[in-house]
Amino acid sequence: MPNPPSDAATRRGIAPVICYPNDTLPSVDLDLLLDARKSARKTAEVLVPPRDARCFEVPAGHFFRITSVEGPQVGDLNLWNLHDLNERFYSGKTRALHGTHVTTGERLWSSFPYLRPMATIVADTLDWYGIDQYGGSVHDVIGTRCDPYTGNLLSGTQYHHCCHSNLTRALADHTGLEIPVAERLVHDVLNVFMCTGFTRDTGQYFMKASPVRPGDYLEFFAEIDLLGDLSACPGGDCSSEHSSDTAACHPLLVEVFAPAEGTLSGWQSPAPNGYDRTHGR
Ligand SMILES: [Zn+2]
């Protein structure tokens, strides 16, 4: 390693600047949404089996809740525009705008060239967790999704119930697409209930036992018509490992709620991003 320069301490001592101050993002009228939620009625539910995934549809202006049932369990969530699967959840930009983990009042943003809110988080029973002594927190947008390719790379395995494969099968079953086509539409996830961070000494991605308990939930408001796909991760609560059948796994419940007529006055489904897409040509 080269010797540090004489002004190394000065350079390291420069205070960071937030890349994307987010106070100019379109505002969230959380009071309006929570008020509408009070009289919303349940219209659908899907129970996601352990080590498997299921798709669900949520019309714009409806709510969907993901609940831990039976035991601690982490979920890997994909979202698409129901009418255009090219518009999908953009984990990296959501991270850049809101931070490594998301909670109430924050949004899940869609891919280019759409870049608009797909869903807004309206309730999070794990909000109390905050950031722990290891730098860990809940509901991350830093992991990708457990997948069979990384397992093969690291240990030569052929495991078929990673979230990537679960999401692929569920999308294929729901849409009728062939597996290779569906696979290409699967994308980096919101890790629902997962507790993760980066180690301070080596900067490595870590996970630890999720603080989620049966009854805990994360609830969203759909800003556009959504196709959701949720995998109950083979890692269970992700306390030790994933990508195997070793961990205790539990189902996850998805419920959809329709708002009562007239309770969302003033709310409008967001238009796709306003950039003109000429890219200087
Ligand atoms: Zn997983």
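Let's start with a pair of neighbours: strand E9 and strand E10 (residues 205-208) run antiparallel and are joined by four bridges. Keep in mind that this is a predicted model. From E9 we'll look at the strands around it, then visit a zinc ion and finish at helix H3.

**Strand E9 and its partners**

- Zooming in on the pairing with E10, Gly197 has Phe206 as its bridge partner there.
- The hairpin made by E9 and E10 has six residues between the strands, and in it Gly203 takes a positive phi near 70°.
- E10 isn't the end of the story: strand E4 (residues 75-81) also runs antiparallel to E9, with three bridges joining the two.
- If you want to find that pairing in the structure, look for Leu77, which sits opposite Leu190 of E9.
- Strand E8 (residues 137-140) pairs with E9 too, again in the antiparallel sense and over three bridges.
- Here the residues to look for are Ser137 and, opposite it in E9, Thr196.
- So how much of E9 (residues 190-198) is buried? Eight of its nine residues are, so the strand is largely enclosed by the rest of the structure.
- A handy bit of background is that side chains in a regular strand alternate between the two faces of the sheet.

**The zinc ion**

- Which protein atoms hold on to the zinc ion as donors? They are the SG atoms of Cys146, Cys163 and Cys233, which lie 2.2 to 2.3 Å from the ion.
- Read along the chain, the donors follow the spacing C-x16-C-x69-C.
- Cys163 and Cys233 are 70 residues apart, so this pair links distant parts of the chain.
- Cys163 belongs to helix H5 (residues 163-175), while Cys233 is in the loop between strand E12 (226-232) and strand E13 (252-258).
- Are these two cysteines buried or exposed? Cys163 has a relative accessible area of 0%, so it is buried.
- Cys233 comes in at 3% relative accessibility, and since anything under 20% counts as buried, Cys233 is buried as well.

**Helix H3**

- Helix H3 (residues 91-98) has several buried residues, namely Ser91, Lys93, Thr94, Leu97 and His98.
- Why do they end up on the same side of H3? Because they cover an arc of only 165° around the axis.
- What do the buried residues of H3 pack against? Their packing partner is strand E6 (107-109).
- Just after H3 you'll meet Gly99, which takes a positive phi of about 120°.

Terms used
Residues numbered from 1 in each chain as written. Predicted model: local features only at pLDDT ≥ 70, side-chain atom pairs only at ≥ 80, totals over all residues. Heavy atoms only, no water. Donors = N, O, S within 2.8 Å, 3.2 Å for Na, K, Ca; no water. Buried < 20%, exposed > 50% of the residue type's maximum accessible area, 1.4 Å probe, protein only. Pairing = 2+ DSSP bridges. Arc of directions from axis to C-beta. Contact = heavy atoms within 4.5 Å.
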